[in-house]
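Q: Could you take me through one part of this model close up? I'd like to hear about the salt bridges along the helix, and how the residues in them sit.

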Amino acid sequence: MSLPCSDQSIRPRKMQSASLPRGVEAVRCWCGDVCKVKEVTDFSDWLGMKFFMCANYESDPPESISAYVRPPSPPPLCMYYRWIDTEMPDWAVTEIRERGRRAWASLNLEERREKAEAEEKAEQKKEWEDYCVEQRAFLDEMKRKNQEEKLRLEEVYKQREQAREAERERKRERARAAKAAEEAGDGKGKYPRWTQ
């Protein structure tokens, strides 16, 4: 058991009522009353350790600042407290180790999750870039085919127009020849010469 102390900077803040360990006698605080036995519940280097503290508070019950907020316990009247345990119990050591293990496991899990998300984003980005390249190549191929088709159709239309123009010129030539023959006809016979 330690010596009495009034240094409130190291007094535990989270605690719960506990039973007096066997073989330990109750002590009185500086007020002269029998001390309360408390057990540390805060996750710290004192987890599970028991201590004596003054049973009297500066205000009892605690002064409430709101109907919805439970105020913490006020400090003891004489600020007396004295450690009963000098080291943490085995269950507290195990709890701290387990919490540390879970914290590291959670951290590793978070790191693995972030790494998996980063890899997934990189893969999605690569897939998107590959898709863009494929689409660009597809569009370029379509433009090339459309240009070739356009040139082919222009050539077809040009040939058709040339053939049509040649046919029209042949018909005009035939019409000119027929007209010239009619004008040059000798007028013999009952019918025109070309009908005989």
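**Salt bridges along helix 1**

A: Let's start with E169, which counts as partly exposed at 36% relative accessibility. Keep in mind that this is a predicted model. The side chain of E169 meets that of R172 in a salt bridge, 2.8 Å from N to O. R172 is partly exposed too, with a relative accessible area of 32%. Both E169 and R172 belong to helix 1, where three residues, or about one turn of the helix, lie between their positions.

Now hop over to another stretch of helix 1, which spans residues 90-183. Here E98 pairs up with R101 in a salt bridge whose closest N and O atoms are 2.4 Å apart. These two are three residues apart in helix 1, so about one helical turn separates them. E98 is partly exposed at 29% relative accessibility, and R101 is partly exposed with a relative accessible area of 48%. That sits under the 50% mark that exposed residues have to pass.

E95 has a partner as well: R99, with the closest N and O atoms 2.8 Å apart in their salt bridge. This pair is four residues apart in helix 1, again about one helical turn. E95 has a relative accessible area of 26%, so it is partly exposed, and R99 gets that label at 32%.

Those last two pairs don't stand alone, either: E95, E98, R99, R101 and R102 are linked in a network of salt bridges. For the wider picture, the structure holds 16 salt bridges.

Technical notes:
Residues are numbered from 1 along each chain as its sequence is written. This is a predicted model: local features need pLDDT of at least 70, side-chain atom pairs count only at pLDDT 80 or more; totals for chains, interfaces and linings use all residues. Side-chain values use heavy atoms; hydrogens and water are left out. A salt bridge is a side-chain nitrogen of Lys or Arg within 4 Å of a carboxyl oxygen of Asp or Glu. Buried means under 20% relative accessible area, exposed over 50%, partly exposed in between (1.4 Å probe, protein chains only).
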